[in-house]
Amino acid sequence: MTTHVDIAVIGAGPAGLCLAKSLADTGLSVMLIERQSEAAIADPAFDGREIAITHHSANLMQALGLWAHIEPQAISPLRDARVLNGTSLFSLKFSHTETKQSELGFLIANHHIRKAAYEAVKDCPAVNLCTDAQVKNFVANKDNVSITLADGKTIQAKLLVGADSRFSETRRAMGIAADMHDFGKTMMVCVMEHTVSHEHTAWEWFDYGQTLALLPMNGMRASVVVTLAPSEIARLMHAPADEFSQEMAARFQHRLGAMQLASTRHAYPLVTTYAKRMIGQRFALVGDAAVGMHPVTAHGFNFGLKGVETLSREIKLAASLGHDIGNNSLLMRYERAHRRDTRPLFMATHAIAKLYTSEILPARLLRAGALRLGSRVKPFKHAVGAMLADAR
């Protein structure tokens, strides 16, 4: 038996769930296909990641109904940001006072966002959640896409959307290549308590031999990100909690006072992805499957929401006019817009990350000079501050 829907989305992560929610009131039917169980989606486990949310993304989350499902104490204001280099005490600062907002943005744990997205979607009559499902193959033609699951069930859709991570199997199955860069490093993330206030300021510290990030949470807590060689991260992951806490305080040069591990530790390979095409025949990519950002600007989920907003707008317009929601001209408009919205910052972030993680002497000298120059060029600071506060 074949199930017929208007749109099939592979991947029920935040991007896939948000796309389904954005289309739930259009009269279109949406099926989310996810290999995890519904229980895992409904109550996702803590994964260590804190997500920076711009004001534009916060507005989108409110419109989609996600914001109402997140406890206020789980939303931490991000007032300011600092970029540090090496052992220098100098930092390039971005302040909320340089924008028209009372903060640059917000920080919310990834598992809270995932849970809120599920809560916003679960009771939508137009959305069917197909869990514990493995896609065996799919075939796209000029009229529809036929998807076959591992259990033999088939689904026929007018449009297929891949939302299955930066390592997207759906993207590969569609024959779409991606520019992937493996930095050869691993990130470890965890929550730490500390005795010196972070004052709701984020840090990105390109130290020599390591990269440190601090994302301020409410109270005397912060999400800490350490980027090192995989072998060093493996050692940190298994270090006794007390030894780990003392080492982390030392790595931060005790600028946060005494530090204490307050969560489980999680490690992720540092790999960025940018799809060479974001569309195919009756096919589109959203979320990290389209653009998998380096975490230095913390814009990954913001770009995912922006892609959802752009694609759903095109689909809604076509549906309201009675047009084909999978036609190539619609998809090309989405691709052009999303590439325009994401490519410049993706390339700039990639260049910054390569420069500020290089250990050769010329790069070290250039790193220090670039920070001081950026601090003196006020239009640059204002532009970056505005971008951090309200990415569009």
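Q: In this predicted model, how many aromatic pairs are there under the ring-centre rule?
A: Rings of Phe, Tyr and Trp (its six-membered ring) pair if their centres lie within 6.5 Å. The model is predicted, and side-chain atom pairs count only at pLDDT 80 or more. By the ring rule, the number of aromatic pairs is 5.

Q: Is the pair of tryptophan 203 and phenylalanine 252 stacked, edge-to-face or tilted?
A: The ring centres are 6.1 Å apart. The planes of tryptophan 203 and phenylalanine 252 meet at 45 degrees. Planes under 30 degrees apart count as stacked and over 60 as edge-to-face, with the rest tilted. The pair is therefore tilted.

Q: How many residues apart are tryptophan 203 and phenylalanine 252?
A: Tryptophan 203 is in strand β13 (residues 201-207). Phenylalanine 252 is in the loop between α7 (241-251) and β16 (259-261). The pair links distant parts of the chain, and the separation is 49 residues.

Q: Are tryptophan 203 and phenylalanine 252 buried or exposed?
A: Buried means under 20% relative accessible area. Tryptophan 203 has 7% relative accessibility. Phenylalanine 252 has 0%. Each of the two therefore counts as buried.

Q: What is the angle between the ring planes of tyrosine 274 and phenylalanine 346?
A: The centres of these two rings lie 4.9 Å apart. The pair is classed as tilted because of its plane angle, which is 55 degrees.

Q: Which helix holds phenylalanine 346, the partner of tyrosine 274?
A: Tyrosine 274 lies in strand β17 (residues 266-275). The two partners are 72 residues apart in sequence, so their pair ties together separate parts of the chain. Tyrosine 274 is buried at 0%, and phenylalanine 346 is buried at 7%. The helix that holds phenylalanine 346 is α9 (residues 328-356).

Q: Which arginine has its charged end over the ring of tyrosine 274?
A: Two arginines are placed over rings here. Arginine 82 lies over the face of tryptophan 203, at 5.5 Å from the ring centre. Over tyrosine 274, the charged end sits 4.5 Å from the ring centre and belongs to arginine 343.

Q: Which residues form one aromatic cluster with Trp203?
A: Trp203 pairs with phenylalanine 252. The cluster takes in another tryptophan as well. The partners of Trp203 in it are Trp205 and Phe252.

Q: How many residues are in the second, separate core that includes Trp203?
A: The largest nonpolar core has 79 residues. Its largest share, 7 residues, comes from helix α8 (residues 300-320). The second core is separate and includes Trp203, Ala222, Ile233 and Met248. Its size is 22 residues.

Q: Which residues is isoleucine 147 in contact with, leaving aside neighbours within four places in sequence?
A: Isoleucine 147 is among the residues with the most contacts inside the largest core. Ile33 and Leu311 are also in that group. Leaving aside those sequence neighbours, isoleucine 147 is in contact with Ala8, Ile33, Val135, Asn137, Phe138, Lys153, Thr154, Ile155 and Leu160.

Q: Is alanine 267 buried, partly exposed or exposed?
A: Alanine 267 is found in strand β17. Apart from its neighbours within four places, its contacts are Thr186, Met187, Met188, Ile233 and Met237. Its relative accessibility is 36%. Buried means under 20% and exposed over 50%, so alanine 267 counts as partly exposed.

Q: Which residues are on each side of strand β2?
A: In a regular strand the side chains alternate between the two faces of the sheet. Both faces of strand β2 (residues 30-33) are covered, with the four residues buried. One side has Val30 and Leu32; the other has Met31 and Ile33.

Q: What is the bridge partner of alanine 8 in β2?
A: Strand β1 (residues 2-10) and β2 pair in the parallel sense. There are 4 bridges between them. In β2, the partner of alanine 8 is methionine 31.

Q: Which strands stand at the edges of the open sheet β3-β7-β4?
A: This sheet has 3 strands with antiparallel pairing. The twist averages 35 degrees from one strand to the next. Each edge strand has a single partner, so one side of each is left without a neighbour in the sheet. The edge strands are β3 (50-53) and β4 (76-78).

Methods: Residues numbered from 1 in each chain as written. Predicted model: local features only at pLDDT ≥ 70, side-chain atom pairs only at ≥ 80, totals over all residues. Heavy atoms only, no water. Helix = DSSP H or I, 4+ residues; strand = E, 2+ residues; numbered from the N terminus. Buried < 20%, exposed > 50% of the residue type's maximum accessible area, 1.4 Å probe, protein only. Lys NZ or Arg CZ within 6 Å of the ring centre and 35° of its normal. Contact = heavy atoms within 4.5 Å. Core = buried A, V, L, I, M, F, W, Y, C linked by side-chain atoms within 4.5 Å. Pairing = 2+ DSSP bridges. Axes fitted to C-alpha atoms, helices over the stretch in contact; angles between N-to-C directions.
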